[in-house]
Amino acid sequence: MTGKKIIAVFGATGAQGGSVARAILKDKNFAVRAVTRDVTRANALALQELGAELAKGDLNEEASVEAVLKGAYGAFVVTSFWDHLSKEKEVQQGKLVADAARRLGLQHVVYSGLENVQRLSGGRLAVPHFDGKGEVEEYFWAIGVPMTSVRVAAYFENFVTMWKPVKAPDGDYYTLALPMGDIPMDGISVADVGAAVSSVFNSPGEFLGKAVGLSAEALTVQQYAEVLSKGLGKEVRDAKISPEAYEKLGFPEAKEIADMCRFYHTRPERDVKLTHRLNPKVKSFSQFISENQGALKGM
């Protein structure tokens, strides 16, 4: 490693962690310790080629976390609720990193957080993949770790995976089903998160102790549908589904996504202007779709 300060990047072979690791390496202001459970993976070796130090680490093991944080100036921490579907496990992982960061005196942790919706709504809404991250945010700050929480808007990538438009049974068009009504929903490509996080690390004086909401732009479901229509050359319409109807769609996360959209109706703070300052190359939804048309082939 060089004489640069080290940032340990957890989840470095995943989408968000990988974006952060590559952006920090590109900036060249810090050295990157890429933390992953499997250092032999192609994604890990690609980061090593770019100059990262590879470190085997497991968010479930205290000794492992301590080892990868030793000697580091800072860390980027992302926990994945979707790996195990357990809010409790995600909270446990986050607190384990927070405790180690405090013991070792890390100077800047950037945590991929979100709001504690259950607490903010007085128990009316439950969004486990938000709520656990919200608890971890609160814990980091409560124990005095110098931390910035980066709250990322809905991924544009969702529109080519789980929110992909569906062929309408009664005509030659597609529907986009998200229970947002006419309320704009913030979005960003996960690939653009890294450069914004790198900028946060470069400006600790501005961002320590704060929550930063990242968003490329906020569009209504109708506007997302119009962009998809233009990009695909096929008509995509807003399904105009209510949260109540969405809950009854029958897939395991239907209630959680409905409650997430109910929370999005309150317009939680996502700062488009700040995001563009942190990453001047952040892509619009239109740019994202034009670059990812292959993912929508076969519709």
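The following exchange goes through helix packing, strand pairing and a few single residues in a predicted model.

Biologist: On what terms should the model be read, and how are residues numbered?

Modeller: The model is predicted, so local features need pLDDT of at least 70 and side-chain atom pairs count only at pLDDT 80 or more, while totals for chains, interfaces and linings use all residues. Side-chain values use heavy atoms, with hydrogens and water left out, and residues are numbered from 1 along each chain as its sequence is written.

Biologist: Which strands does β4 pair with, and in what sense?

Modeller: Helices (H or I, at least four residues) and strands (E, at least two) are DSSP runs numbered from the N terminus, and two strands pair if DSSP finds at least two bridges between them. Gly 74 of β4 stands opposite Ile 7, and the bridge partner of Gly 74 in β5 is His 108. Three bridges join β4 to strand β1 (residues 6-10) in the parallel sense, and four bridges join β4 to strand β5 (residues 108-113), also parallel.

Biologist: Are the faces of strand β4 covered or open, and which residues lie on them?

Modeller: Buried here means under 20% relative accessible area, exposed over 50%, and partly exposed in between, with a 1.4 Å probe and protein chains only. By that criterion both faces of β4 (residues 74-77) are covered. The buried residues are Gly 74 and Phe 76 on one side, and on the other Ala 75 and Val 77.

Biologist: At what angle do helices α3 and α4 cross, and how is that crossing classed?

Modeller: Axes are lines fitted to C-alpha atoms, for helices over the stretch in contact, and angles run from 0 to 180 degrees between N-to-C directions. The axes of α3 (residues 62-69) and α4 (residues 87-104) come within 10 Å and cross at roughly 45°. Angles under 35 degrees count as roughly parallel, over 145 as roughly antiparallel, 65 to 115 as roughly perpendicular and the rest as oblique, and therefore α3 is oblique to α4.

Biologist: Which residues make the contact of α3 with α4, and how do they divide by character?

Modeller: Contact means heavy atoms within 4.5 Å, and α3 contributes Glu 62, Val 65, Glu 66 and Leu 69, while α4 contributes Leu 96, Val 97, Ala 100, Ala 101, Arg 103 and Leu 104. Ala, Val, Leu, Ile, Met, Phe, Trp, Tyr, Cys and Pro count as nonpolar, Asp, Glu, Lys and Arg as charged, and the others, Gly among them, as polar. The contact residues divide into seven nonpolar, no polar and three charged.

Biologist: How do helices α6 and α11 meet, and what is the character of their contact?

Modeller: The axes of α6 (residues 128-142) and α11 (residues 254-264) come within 9 Å and cross at roughly 60°. Pro 128, His 129 and Phe 130 of α6 make the contact with Glu 256, Met 260, Phe 263 and Tyr 264 of α11. These residues divide into five nonpolar, one polar and one charged.

Biologist: Which strands stand at the edges of the sheet β7-β10-β12?

Modeller: This open sheet of three strands has mixed pairing, and within the sheet strand β10 (residues 185-188) pairs with β12 in the antiparallel sense over three bridges, with Gly 187 opposite Glu 217. The edge strands each have a single partner, so one side of each is left without a neighbour in the sheet, and they are β7 (154-155) and β12 (217-219).

Biologist: Which helix lies across β9 and β13, and at about what angle to β13 does the helix run?

Modeller: Strand β9 (residues 174-176) and β13 pair in the parallel sense over three bridges, and the bridge partner of Leu 176 in β13 is Asp 238. The helix lying across β9 and β13 is α9 (residues 221-232), running to β13 at about 175°.

Biologist: Where does Lys 240 lie, and is Lys 240 buried or exposed?

Modeller: Lys 240 has a positive phi of about 50° although it is not a glycine. Most residues other than glycine have a negative phi. Lys 240 is placed in the loop between β13 and α10 (243-247), and at 64% relative accessibility Lys 240 counts as exposed.
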